[in-house]
Amino acid sequence: MKVAVFGTRNYDVDSLNGANGEGSDIAFTFFEALLDDKTVTLAGGHDAVCIFVNDQCSARILQKLHELGVKYVALRCAGFNNVDLKAAEELNIKVARVPAYSPEAVAEFTIGMIMTVVRKYHKAYNRVREGNFLLDGLLGINIHGKTIGLIGTGKIGLLTGKILSQGFGAKVIAHDPYPCSLAAEYGITYVDKLEDLLSTSDIISLHCPLMDSTKYIINDNTLAHTKPGVILINTSRGGLIDTYALIRALKSGHVSAVGLDVYERESGYFFADSSAKVIADDSFARLLSFYNVFMTGHQAFLTREALENIADTTIKNLRALEATGTCDCIVRHQK
């Protein structure tokens, strides 16, 4: 099987080749470029494409992949919002994902982001490097005793809540249309209405997938229900937050701090060095200008263990698809 891997970084090459081994029945071709309308022709001569979160797999691109003879789309991530599953089904292109590569990696990163935002580690680091040991402006808050609201309680949300509840002594509440039976054991209490979570949480952390029902779940209306001074954390998908609404809430002072590992239009900047070019996205540039916004470049997944799990599962998916036409991690269009 020949597989075209798009959006490749050095760590992808190392992990996929390491898991594949010598003499394997799978041959990878690595491309740094993202999959889009201009690069889709690179998939010619391959049986499958392997893509990540910012690659595009629209109906038009899937049609071109079909014409090129591509039979499979292997996602190196859990989310699949960038794939038109209806079009894939119509074209008989099978789509598979990595549903749980390392929930611990993202949950632990989320905790680190919360602590950085509330205790200002990043600001303290820069000060000390310059010989400034003043503490003015570094006042933080305790996590212990605070109410932290989780929107979404999949594996990552559950683990984040467990750490906050059992490790920090926070009161953790959650909203999810599909409650998990482990939540109570982890110290997480569900609330029926999203508005109840918004109105009582000191910190809100997003852990839901990006779908039509969750796109811009944080918007002007939902932000209006939050407590003044609320802290917002997003390590899930950028499209969960209406950036313009967030900027307005930051400018008014209603949102006191934000931690973001994702951005709704990140594909033009993330996973690349943009330090020598102008950021043309005005809303992205405005977010970066706020002193109380801490942003990273979709880094939460990036641990050695996660990369190994992603590579192992991706290769298992590809082999199963080729052998049987399906796999345990297949993604189907929900009619």
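This briefing walks you through an open sheet and some of the helices in this structure. The model is a predicted one. Its sheet has six strands, and helix H11 lies across strands S1, S2, S3, S4, S5 and S13. Elsewhere in the tour you will meet helices H4 and H6, which pack at an angle of about 50°.

**The sheet**
- Reading across the open sheet, the strand order is S2-S1-S3-S4-S5-S13.
- Pairing in this sheet is mixed. As background, strands of a sheet pair through backbone hydrogen bonds, either parallel or antiparallel.
- Strand S2 (27-30) and strand S13 (330-331) are the edge strands, each pairing on one side only.

**A pair of strands to look at**
- Strand S3 covers residues 48-51 and strand S4 covers residues 72-75; they pair in the parallel sense over four bridges.
- To find your place, look for Ala48, which stands opposite Tyr72 in S4.

**The helix across the sheet**
- Helix H11 is made of residues 304-324 and runs at about 160° to S4.
- Among the strands that H11 lies across are S1 (2-5) and S5 (94-96).

**Two helices that pack together**
- Helix H4 (residues 103-119) and helix H6 (residues 155-168) have their axes 8 Å apart.
- With an angle of about 50° between them, H4 and H6 are therefore oblique to each other.
- The crossing of H4 and H6 is right-handed.
- On the H4 side, the contact includes Pro103, Val106, Ala107 and Ile111, while H6 brings residues including Ile156, Leu159, Ile163 and Phe168.
- By type, the residues of the contact of H4 with H6 are eleven nonpolar, two polar and two charged.

Technical notes. Residues are numbered from 1 along each chain as its sequence is written. This is a predicted model: local features need pLDDT of at least 70, side-chain atom pairs count only at pLDDT 80 or more; totals for chains, interfaces and linings use all residues. Side-chain values use heavy atoms; hydrogens and water are left out. Two strands pair if DSSP finds at least two bridges between them. Helices (H or I, at least four residues) and strands (E, at least two) are DSSP runs, numbered from the N terminus. Contact means heavy atoms within 4.5 Å. Axes are lines fitted to C-alpha atoms, for helices over the stretch in contact, and angles run from 0 to 180 degrees between N-to-C directions. Angles under 35 degrees count as roughly parallel, over 145 as roughly antiparallel, 65 to 115 as roughly perpendicular and the rest as oblique. A crossing is left-handed if the near helix is turned anticlockwise from the far one by less than a right angle, and right-handed if clockwise. Ala, Val, Leu, Ile, Met, Phe, Trp, Tyr, Cys and Pro count as nonpolar, Asp, Glu, Lys and Arg as charged, and the others, Gly among them, as polar.
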